[in-house]
Amino acid sequence: PYHVNINGAAGSSSAAAAKAAHDVLVGLFPSQQAALDTTYADYLVAQGFAANDPGVAVGAQAAAGILALRANDGSFPTTPPPPFVGGNAPGDWRPTPSLLPGPPPSLAPMAATWLATVTPFTLTSPSQFRAEPPPALTSSLYTRHYKEVKALGGLVETKRKPKQTDLAYFWSENFLAQWNRVLRAIAAGHTTHIAESARLFALANVAAADAAITAWDSKLHYAFWRPITAIREGSNDGNDETVGDPNWQSLINNPNYPDYTSGANNITGAMTRSIERFLGTDKVSFSVTSNAPAVIQKTRNFKRLSAAAREVVEARIYLGIHFRFADTAARRQGRTVADWAFEHYLRPVD
């Protein structure tokens, strides 16, 4: 496990990684330093590393470099931009009601608007892979997807089957946490050295971060309404085929940001494509777990990365919070971002 060298002394690469992670998190979230210090110290003790292991100095240097590189990148601004509440014309996103217990607050403005302008990690700009415009409200594609989410995504009077409901709840968790649990398992089964696993985690998470930035760029640029607004306003959208229902309610509360494109599918597309590019195959056996409170089947098993990505598309429709075109466009965006990151950054040195 001793693979780093500083001033002629051998140090642990694992201690270096732990120190780097600790210092970056403290730099970003100083209010959490006490808890992070405890976790880091406990890790060193559990692994048998001395607090002055030479690897610690390497990790500190790496963290300082990354924090300097990402300084003033627009993330977590001390002075947030003005609240964004969209518009009232047909197709415009606007704050949505939260009709069930839990977050977000009802009729909340768009969350984290600053994310749309954060300096990407690998892309040339947040808009580099901006999606094509959503379909026109009078188009056959919009009509078809409107009817689909209305039929399958409602809280009541739905055509959704019980297994589809459970699938929807399964994929309603925090996607970054969910996919990083998958990454840990895949790294344990497919890498033999911390340098390999570190590259896998870096590729997947950098791509996921840039995919999220890409999603927010598209969301803020197009500001397209959520299904709950579209269906309640369906008789006022200029499309005779979209019958409105002023009482329609989605399976869960809508996240407080526009529909197009889906952040969940952007992140999933980036994560699954990064793993596929790293391993050189889509055929990977793995499990995904969900901590969502309402889900019954807590673990789902897959033999292909693409199979999990397809489920996320379906799940967001069953939840009633996305049109299919928002999901599929986002999945393409995430995969494209992952390809860009893989081909231009963190290349093998051999």
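In this predicted model, helix 1 (13-28) and helix 2 (33-47) each give at least two residues to the lining of the second largest pocket. Helix 1 brings the largest share, 6 residues. The pocket itself comes out at a volume of about 260 Å³. Its lining runs through Ser14, Ala17, Ala18, Ala21, His22 and Leu25, then Leu36, Thr39, Tyr40 and Tyr43, and takes in Ile194 as well. Sorted by character, that makes 8 nonpolar residues and 3 polar ones, with no charged residue in the lining.

Leu25 turns up again on the outside: together with Leu28, Phe29 and Phe76, Leu25 makes a nonpolar surface patch of about 360 Å². Leu28 sits in helix 1, and its relative accessibility of 43% is why Leu28 counts as partly exposed, a class that lies between 20% and 50%. Phe76, another patch member, belongs to the loop between helix 3 and helix 4. The backbone at Phe76 is worth a look too, with phi near 45°, a positive value in a residue other than glycine.

Leu346 also has a positive phi, near 55°, and is likewise not a glycine. Leu346 falls in the segment after helix 11 (324-344) and, at 39% relative accessible area, is partly exposed.

Then there are the cis peptide bonds. One joins Pro103 and Pro104, with omega at about -5°; Pro104 is in the loop between helix 3 (54-69) and helix 4 (140-152). Another runs from Tyr260 to Thr261, where omega is near 10°, and Thr261 lies in the loop between helix 8 (227-232) and helix 9 (263-279).

Notes: Residues are numbered from 1 along each chain as its sequence is written. This is a predicted model: local features need pLDDT of at least 70, side-chain atom pairs count only at pLDDT 80 or more; totals for chains, interfaces and linings use all residues. Side-chain values use heavy atoms; hydrogens and water are left out. On a 1 Å grid over the protein atoms alone, a cavity is a set of points where a 1.4 Å probe fits but cannot get out, and a pocket is an open set with protein on both sides within 12 Å along at least five of seven lines; lining residues have an atom within 4 Å of a point. Grid points are joined across faces, edges and corners, and a volume is the space filled by probe spheres set on the points. Helices (H or I, at least four residues) and strands (E, at least two) are DSSP runs, numbered from the N terminus. Ala, Val, Leu, Ile, Met, Phe, Trp, Tyr, Cys and Pro count as nonpolar, Asp, Glu, Lys and Arg as charged, and the others, Gly among them, as polar. Patches are made of residues with over 30% relative accessible area and no salt bridge: like charges are joined within 9 Å, nonpolar side chains (Val, Leu, Ile, Met, Phe, Trp, Tyr) within 5 Å. Accessible areas come from the Shrake-Rupley method with a 1.4 Å probe; for residues, only the protein chains shown count as cover. A salt bridge is a side-chain nitrogen of Lys or Arg within 4 Å of a carboxyl oxygen of Asp or Glu. Buried means under 20% relative accessible area, exposed over 50%, partly exposed in between (1.4 Å probe, protein chains only).
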